[in-house]
Amino acid sequence: MQETLQTFKYGFHVIFHPFDGFWELKHHKKNTSSAALIWLFLVSLVTIARIQFSSFVFGTTVKEETNILLNALINVVIVGAWTVMNWALSTLADGKATMKQIWVATIYAQIPIVLLQIPIILLTHVLTAEEGVFIMLLYNIAQLWFYALVLIGNITIQDYTMTKTVIMALLTFAGIIAAVFLLSVLMSVLMQLYRFFATIYAEIMFSF
Amino acid sequence: MKANTKTFLKPNKKIILSWMIVLFIFILSNQISYAAIPYYNYSYDFTGNPVPGPAGYIPERVVKGQDMGCGALKNPMDLFVAHDGRIFIADTGNNRIVILNKYFKFIREISVFSNNGKEDSLKSPQGVYCTESGDVYVADTDNARVVVFDEYYNFKRIIGKPEAEVIPKNIVYRPQKIAVDRMGKIYVVAENMLEGIVEFSAGGEFNRFFGATPATNNPIERFWRMFYTREQKKKAVLFLPTEYTNLTIDEYGFVYATIKNKRFDQIKRLNSAGKNIIRHDGFFADAFGERVSNRVSPQFVDISVSSNGNYYILDNFSGRIYEYNASGDMLFIFGGIGDQVGLFINPIAVEQWKDKIFVLDESRGEITIFSTTDFGKYVSEANNLYMDGKYIDALEPWQKVLRMNANYRLAYIGIGNAYYKLENYKEAMKYFELAGYRRGYSKAFKEYRTEVLRDNFSWFVSAIILLIIGFKLLFKAFKKFAVSLNN
């Protein structure tokens, strides 16, 4: 527990000293996956908070039509897909990271989003629509910081060069799209199979 | 108890008789028959979903040619109501213009007239317009001309095919709809005239093409055209602008025009330079008609503008009439396709006169008259005040509207604006939020924020000072903590 908390707190170090931080995270820190789970939970929490507590001026969603659970889970799914794809591709291109390490690094890269989302939510209650540029600025900073951390994390744990990391990231995106396509095909085939057996069952039931 | 149930199960003859008498009286007294309104009544909420609401307009009655006293109408194509309430119908199939008084009683018809001593007649006239001075302009479609009659319906003059270098000589000129502004300028929507509305001077000379719709230039199409041979280019369809279907002129002399077969920007309000200055609520691009996307684009065939700037547009495809106010907020939707009273088969023209809406059905040769309900009256009262900028006066009517239809978005915005004017910003914010109107909310919030800051100025200043001190202390503590961590 103590070690998990230590690793959790180490996140603040990682986002300011990424090269050093991710290296430590990979090689020396203990209980990284449970610490990462706490951070992942916080990302989801912040996403929910954004939907629920942003002021009306900056709300982008219609509260009545928003599924909070889905919004909270979507981040987990994206991180999961990224992890699996990145691992699958990097093992072919002699990456040095395990799936767990990629998972942890990606989640730690999201820490700036957690940290900056809270002032953003507070600011929405103080600023008017014309002053919304400040919110956009903070949001963009969080996004860029996140992308930079993902790249640096990947460089560090995979032991890649910058160009290779970028190429691998693009390939990972392509892989995710392909995987989503294949999954939807699989789903539709399974549905048809199910319907086929359901029809046979119904035919048999009705004829006796 | 037992006896009671028995009498209930087996009612005696007296009771049956008395019930029958009551029923009979009901049937007799019910001279005005009320039927359920045959179309859905709805408005759109801020999420773009249709929500039910009470009717703003209900069908009052249907008038046929026989009721008017002029025989059946045959494929009538246009309807016009003059300022004094006279009704002009372009009875296209019967080659005549029918003129009725405001009670829908036949006054006379124009079909054969004396053209400088010679006998002349109309041939499939598709459009009619009556100016304030009483001149009647008829788009005599198959004769390729516009015929003008004076206030006693006597022949005055003919305005023939426009002649100019920009118009090809061999083109068939078929004037369809016509409108005349106060200066006497004549605007004609004609078939094959894709350059825009044909504008004639008061003297009948061709002036210019008016309000030309820019041709849509598809970049993908342009890319493929680079590979076309000369033969292919000749055969390929030209990038033609869309054709106008109808037009009308409002009090200020702006031309309102409708366009068919388009999803966006179908209604135009053109100033004298031919520039579109219509206002739209900006909710769903510049699309008019339904907000739920349809696979078939609406076919707007007619428009009518009332003196307060509200306009009614008629969609020939769905058979619905949409009412908008001058700033482009949708007020009411009514009508539809079908056989009952209040529905149409092929609605072709819409006109309004003193809270009544007239819709002409081409296939049936009938005019359906719609009248406003109480709800419609409240909305129009509130809207008129609101459009005049009398937000505070509009507060009460809007509240009345809201009591009858809690789904009416414009009422929330109206009340919000009233509270804003009354400097009750908190209330204004509440109503703007209910309307889903972010811009208004932000505007009210700005004032509210200033108010709060001014009222609690001393508190804020002391809080800021405390915060600065607190941050300094916190920073020191954090530094200590960081040092201890490193060790």
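This is a walk through a predicted model with chains A and B, starting with the helices of chain A and then turning to the strands, hairpins and helices of chain B.

Let's begin with chain A. Its secondary structure amounts to eight helices and zero strands, so to speak an α-α-α-α-α-α-α-α pattern when you read along the sequence. The C-alpha trace spans about 70 × 50 × 40 Å along the principal axes of chain A. The radius of gyration of chain A is 21 Å, whereas a compact globule of 208 residues would come in near 17 Å. Of the 208 residues in chain A, 26% are buried. Look also at the contacts in chain A between residues at least 6 apart in sequence: 77% of them join residues at least 24 apart.

For a closer look at how helices meet in this chain, take helix 3 (residues 32-53) and helix 6 (residues 111-124) of chain A. Two packed helices are described by the angle between their axes and the distance between the axes. Here the axes of helix 3 and helix 6 of chain A come within 9 Å and cross at roughly 25 degrees. That angle is under 35 degrees, and therefore helix 3 of chain A counts as roughly parallel to helix 6 of chain A. The crossing between helix 3 and helix 6 of chain A is left-handed. On the helix 3 side of chain A, the residues that meet helix 6 are Trp39(A), Leu42(A), Val43(A), Val46(A), Ala49(A), Arg50(A) and Phe53(A). Facing them from helix 6 of chain A you'll find Ile111(A), Ile113(A), Val114(A), Gln117(A) and Ile121(A).

One loop in chain A deserves a stop. Most residues other than glycine have a negative phi. Asp94(A) has a positive one, near 25 degrees, and is not a glycine. You'll find Asp94(A) in the loop between helix 4 (68-92) and helix 5 (99-109) of chain A. Is Asp94(A) buried or exposed? With 10 other C-beta atoms within 10 Å, Asp94(A) is exposed, because the cut-off for exposed is 12 or fewer.

Now over to chain B, where strands come into the picture. Strands of a sheet pair through backbone hydrogen bonds, either parallel or antiparallel. Four strands of chain B make an open sheet in the order 4-5-6-7, and the pairing is antiparallel. Strand 4 (78-81) and strand 7 (106-110) of chain B are the edge strands, each pairing on one side only. From one strand to the next, the twist averages 20 degrees. Within this sheet, strand 6 (residues 96-100) and strand 7 of chain B pair in the antiparallel sense over four bridges, and Val98(B) stands opposite Glu109(B) in strand 7 of chain B.

Further along chain B comes a hairpin made by strand 10 and strand 11, with five residues between them. In the turn, Gly134(B) has a positive phi of about 105 degrees. Strand 10 (residues 127-130) and strand 11 (residues 136-140) of chain B pair in the antiparallel sense over four bridges, with Ala139(B) in strand 11 as the bridge partner of Gly127(B). Both faces of strand 10 of chain B are covered: Gly127(B) and Tyr129(B) are buried on one side, Val128(B) and Cys130(B) on the other.

Just past that hairpin is Ala144(B), in the loop between strand 11 and strand 12 (145-149) of chain B. Ala144(B) is not a glycine either, yet has a positive phi of about 55 degrees. Ala144(B) has 15 other C-beta atoms within 10 Å and is partly exposed.

Another hairpin in chain B joins strand 21 and strand 22, again with five residues between the strands. Gly309(B) sits in the turn with a positive phi of about 90 degrees. Strand 21 and strand 22 (residues 311-315) of chain B pair in the antiparallel sense over five bridges, and Val305(B) stands opposite Tyr311(B) in strand 22 of chain B. Why is strand 21 (residues 300-305) of chain B described as largely enclosed by the rest of the structure? Because six of its six residues are buried.

The tour ends with a helix pair in chain B. Helix 7 (residues 395-404) and helix 8 (residues 409-421) of chain B pack at an angle of about 150 degrees, with their axes 9 Å apart. Angles over 145 degrees count as roughly antiparallel, so that is how helix 7 and helix 8 of chain B run relative to each other. Helix 7 of chain B passes helix 8 of chain B in a left-handed crossing. The contact brings Leu395(B), Trp398(B), Gln399(B), Val401(B) and Leu402(B) of helix 7 together with Ala411(B), Gly414(B), Ile415(B) and Ala418(B) of helix 8 of chain B.

Definitions and conventions
Residues are numbered from 1 along each chain as its sequence is written. Chains are lettered from A and ligands numbered from 1 in the order in which they are written. This is a predicted model: local features need pLDDT of at least 70, side-chain atom pairs count only at pLDDT 80 or more; totals for chains, interfaces and linings use all residues. Helices (H or I, at least four residues) and strands (E, at least two) are DSSP runs, numbered from the N terminus. The radius of gyration is taken over C-alpha atoms; the globule rule is 2.2 Å times the number of residues to the power 0.38. A residue is buried if 20 or more other C-beta atoms lie within 10 Å of its own, exposed if 12 or fewer, and partly exposed in between; C-beta atoms are placed from the backbone. Two residues are in contact if their C-beta atoms, placed from the backbone, lie within 7 Å. Two strands pair if DSSP finds at least two bridges between them. Axes are lines fitted to C-alpha atoms, for helices over the stretch in contact, and angles run from 0 to 180 degrees between N-to-C directions. Angles under 35 degrees count as roughly parallel, over 145 as roughly antiparallel, 65 to 115 as roughly perpendicular and the rest as oblique. A crossing is left-handed if the near helix is turned anticlockwise from the far one by less than a right angle, and right-handed if clockwise.
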